[in-house]
Amino acid sequence: MIRVILEVRECRAVQCRFGGFTVMRLLPLINDLAPLPEMREEPKVSKFVEMHEQAHSKMHHGILRNLVKVAFALCAIWLMAALMVCWEQSFVEAVLWLHFVAIPFRTFFHFYCWNQEYECDRYALEKTDKKVAKLAMQELARCEIPHTALFSLIYREHPTVALRSKRILNKAIKSFS
């Protein structure tokens, strides 16, 4: 029910229609298998983007994200075993409980990823300048599928362009609808 409310709120906020991805996000377990696309198209590579990606590499963000995923996977395995052995749940019931419990863990993981993205944006800004960063954010806004901050926190590993630009440029650049 909460997902339906979130979807309706999102459609009203960004003036979009319900579509195939909306239905997939509402069905338990299907939304885990069909990730939400984040971009209409890939943004052009600029100096800012190169520095941003270099920061991910220097700060070992890929390895850190994978370690967090492994920790959450181990927690999921423990929860499944506990549900099936200690509380005598069927496999289907255990999977549905796991899916329900995974929502806050996924939100925490997205928040963790967002902080890494902000960190890389700051690094790229230090290595370039505000004008290059602004052009890169405008290009990203052109390519990004617009979403609200709450929706993005629940479903995406990247913050919206408006949040990213507000953080590094002190000016929110909005996505194009």
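## A salt bridge between two loops

In this predicted model, Arg156 and Glu144 form a salt bridge, with their closest N and O atoms 3.3 Å apart. The pair links distant parts of the chain, 12 residues apart. Arg156 sits in the loop between α8 (149–155) and α9. Glu144 sits in the loop between α7 and α8.

Are these two partners buried or exposed? Arg156 has 0% relative accessibility, so it counts as buried. Glu144 has a relative accessible area of 1% and is buried because that value is under the 20% cut-off.

## A pair within helix α7

Arg142 forms a salt bridge with Glu139. Their closest N and O atoms are 2.8 Å apart. Both residues lie in helix α7. They are 3 residues apart, about one turn of the helix.

The two partners fall into separate accessibility classes. Arg142 has a relative accessible area of 31%, so it is partly exposed. Glu139, with a relative accessible area of 15%, is buried.

## Arg164 and the salt-bridge network

The count of salt bridges comes to 7. One of them joins the side chains of Arg164 and Glu117, at 3.7 Å from N to O. Arg164 lies in helix α9 and Glu117 in helix α6, so the pair ties together parts that are 47 residues apart in sequence. Arg164 is buried, with a relative accessible area of 7%. Glu117 also counts as buried, at 2% relative accessibility.

A network of salt bridges links Arg65, Glu117, Asp121, Glu157 and Arg164. The side chain of Arg164 also makes a polar contact with the side chain of Asp121, at 2.8 Å. Which residues touch Arg164, leaving out those up to four places away in sequence? They are His52, Glu117, Tyr118, Asp121, Met137, Leu140, His158 and Pro159. Glu117 and Asp121 are thus on this contact list, and both belong to the network.

## Gln116 in helix α6

Gln116 lies in helix α6, which spans residues 91–127. Its relative accessibility is 3%, so Gln116 counts as buried.

Neighbours within four places in sequence aside, Gln116 is in contact with His56, His61, Leu64 and Arg65. Arg65 is also a member of the salt-bridge network.

## The largest nonpolar core

The largest nonpolar core holds 13 residues. Phe48, Ala133, Met137, Val161, Ile168, Leu169 and Ile173 touch the most other members. Four helices each supply at least two residues of this core: α4 (47–58), α6, α7 (130–143) and α9 (161–169). Which helix gives the largest share? Helix α7 does, with 5 residues.

Ala133 shows how the contacts run. Residues up to four places away in sequence aside, Ala133 touches Phe48, Leu125, Ile168 and Leu169. Of these, Phe48, Ile168 and Leu169 are among the core residues that touch the most other members. Met137 is on that list too, and Met137 is also one of the residues touching Arg164.

Methods. Residues are numbered from 1 along each chain as its sequence is written. This is a predicted model: local features need pLDDT of at least 70, side-chain atom pairs count only at pLDDT 80 or more; totals for chains, interfaces and linings use all residues. Side-chain values use heavy atoms; hydrogens and water are left out. Buried means under 20% relative accessible area, exposed over 50%, partly exposed in between (1.4 Å probe, protein chains only). Contact means heavy atoms within 4.5 Å. A nonpolar core is a set of buried Ala, Val, Leu, Ile, Met, Phe, Trp, Tyr and Cys residues joined through side-chain atoms within 4.5 Å. A salt bridge is a side-chain nitrogen of Lys or Arg within 4 Å of a carboxyl oxygen of Asp or Glu. A polar contact is a pair of N or O atoms within 3.5 Å; within protein, one must be able to donate a hydrogen and the other to accept it, and residues adjacent in sequence count only if both atoms are side-chain atoms.
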